[in-house]
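Visitor: I should be grateful for a close look at a single part of this structure, with its sheet taken strand by strand and its surroundings described afterwards.

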Amino acid sequence: MTENEKIFDDLGITLHEILDKAAGRFYGIYVMDTDNNKIIAIKSFYQNEFYEVPVVHEWDHTILEDVNKSMASKYRALALVMFDRQHLRKKFTDINQRSDFIFQRTTGEWNNVAFTPLRLSNGECSLLLVTFVDITDPKNKLDKMSELLELSHKDVLSSNWYFSMVAHDMYPWILKFDLYSGEVMRIVFEDNAPKELPMLDWESSYERLIESIHPKDLEGAKTRFSMKRLREMSPGEVLEYTFRRYEENKYQWFSVSIHISSVEPSIAVAFARNISSSSSESNQVVYRAEHDDLTDLFNIEKYAYLLATEYVDIKTAGVIYADIEGLAELNQKYGHEFGNEAIKIVADSFRSVQSRYSLAFRCGDDEFMLIAPDCEKDHIQNLLQLIKERFARLCDMKNMHFFASFGYSWKDSVDDVSQVISEAVSDMRNNKNIEILQ
């Protein structure tokens, strides 16, 4: 018996009991060896129990694929980056860092996975602790609290405790507004009780808000915060949006949650807060910064980052490029809603073949790209065929018919991925000319 074990034995408990209790809240505990693509399972992600002897798996295949399958579909695209071994290897520069990722499982539970570096080598993380914890109960409590807050305009007294003890600290801005009259009231607190103060009408408030939003978030904000969109929401429905707004001489991240009253559907309550420095919201900020708002594909900023990191030392590469023909004319003739739907159809066509090895991007208003590093030529050709077939099916399903041109390129010796992209663009333009002639 070691000296440490004897100390606990004198207290009438074992060291193993302490470790069990300390790790009891984690339903999965792993140590990741980023150098060798290995992960050592200490407590099972699936059975929620400790292994008698730690089990070694491959991270990129066995564990990563299983974890990805357990996620609700809306979180899988972000997981391609957040769980990527090379991304994690380069992410940590200090042993005291930690990174969290919140996601919902296909079974409905909410989970938080934390990455904590255990060892750094040559400026990169070589060993990483990965722990999973179920946060469904606290999230349900928060959702219930939001529901009670949302009903407070109807029964103020029953919600005083929530307002005074929680909401005021969590949400500096709580607005109640009428979806039809446009009247807006701000809820403030005096003597731990909510009080309603009149503000500008919704149209004026909307204009002021839109003027302050970052250009890259403007498209989504105009769609979500329009009175037309809010009036179309169902009683009890919730709209959430994260965006950048100019405040205090710089752009900062904000989160807004708008609840349509289930008691009085003409009333909505909006909860807003600045999340720029909130670690609990960091995943949402990262996601919004790397994804295009309308299509949820990766954006051009994410491509620029990958170009300087992941796409530097690849041997072969395939690229697929697409362009919507005459998007401006479609918008003018049929309206922007038609144009946005056309954009989403092409985006969904690309997303249908996306994997952790082949990422899709929205490059501009009407241009899309997929990059597949270290692939064979027949693989990129198969992906192109699948994208085209998906595009045709979606157009037929939605009874929307417009032209999109596709092109691809593949090189067996890559010095610069941008060269492969340039060739894919040229091929797409050649195909467009042929289609026009036909």
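**The six-stranded sheet and its surroundings**

Guide: Let us begin with one pair of residues: lysine 38 stands opposite glutamate 58 in β3. The model in which this pair is seen is a predicted one. The pairing of β2 with β3 is antiparallel and comprises five bridges. These two strands form a hairpin with six residues between them, and asparagine 48 in the turn has a positive phi of about 55°.

Lysine 38 also leads to the other neighbour of β2, since β1 and β2 are likewise antiparallel partners, joined over five bridges. Here lysine 38 of β2 is the bridge partner of aspartate 33. A hairpin is again formed, now by β1 and β2 with four residues between them; in its turn, asparagine 37 has a positive phi of about 55°.

Aspartate 33 carries the description onward to β6, where its bridge partner is leucine 127. β1 and β6 run antiparallel and are joined by seven bridges. As to cover, β1 is mostly covered, with eight of its eight residues buried. In general, side chains in a regular strand alternate between the two faces of the sheet.

At the other end of the sheet, β4 pairs with strand β5, residues 110-121, in the antiparallel sense over six bridges. Within this pair, aspartate 100 has alanine 114 of β5 as its bridge partner.

The pairs can now be placed in the whole. The sheet is open and has six strands in the order β3-β2-β1-β6-β5-β4, with antiparallel pairing. Because β3 (50-58) and β4 (99-104) stand at the edges with a single partner strand each, one side of each has no neighbour in the sheet. On average, neighbouring strands of this sheet are turned by 20° against each other, direction ignored. Helix α3, residues 59-70, packs on the sheet and touches β1 (26-33), β2 (38-43), β3, β4 and β6 (124-134). The direction of α3 makes about 105° with that of β3.

A second sheet may be set beside this description. It is open and has four strands, in the order β14-β15-β13-β16, with antiparallel pairing. Its edge strands are β14 (359-362) and β16 (404-411), each of which pairs on one side only. The twist in this sheet averages 15° from one strand to the next. Strand β13, residues 317-324, is joined to β16 in the antiparallel sense over eight bridges, and valine 319 stands opposite serine 409 in β16. Helix α15, residues 377-397, lies across β13, β15 (367-373) and β16, and runs at about 170° to β16.

One feature of the surface remains. Trp173, Met199 and Leu200 form a nonpolar patch there, with about 260 Å² of accessible area together. Of these residues, methionine 199 is found in the loop between β9 (193-198) and α8 (202-212). Methionine 199 has a relative accessible area of 34% and is therefore classed as partly exposed, because that class lies between the limits of 20% for buried and 50% for exposed.

Conventions: Residues numbered from 1 in each chain as written. Predicted model: local features only at pLDDT ≥ 70, side-chain atom pairs only at ≥ 80, totals over all residues. Heavy atoms only, no water. Patch = residues over 30% accessible without salt bridge, like charges linked within 9 Å, V, L, I, M, F, W, Y side chains within 5 Å. Areas by Shrake-Rupley, 256 points an atom, 1.4 Å probe, with all protein chains shown as cover. Salt bridge = Lys/Arg side-chain N within 4 Å of Asp/Glu carboxyl O. Buried < 20%, exposed > 50% of the residue type's maximum accessible area, 1.4 Å probe, protein only. Pairing = 2+ DSSP bridges. Axes fitted to C-alpha atoms, helices over the stretch in contact; angles between N-to-C directions. Contact = heavy atoms within 4.5 Å.
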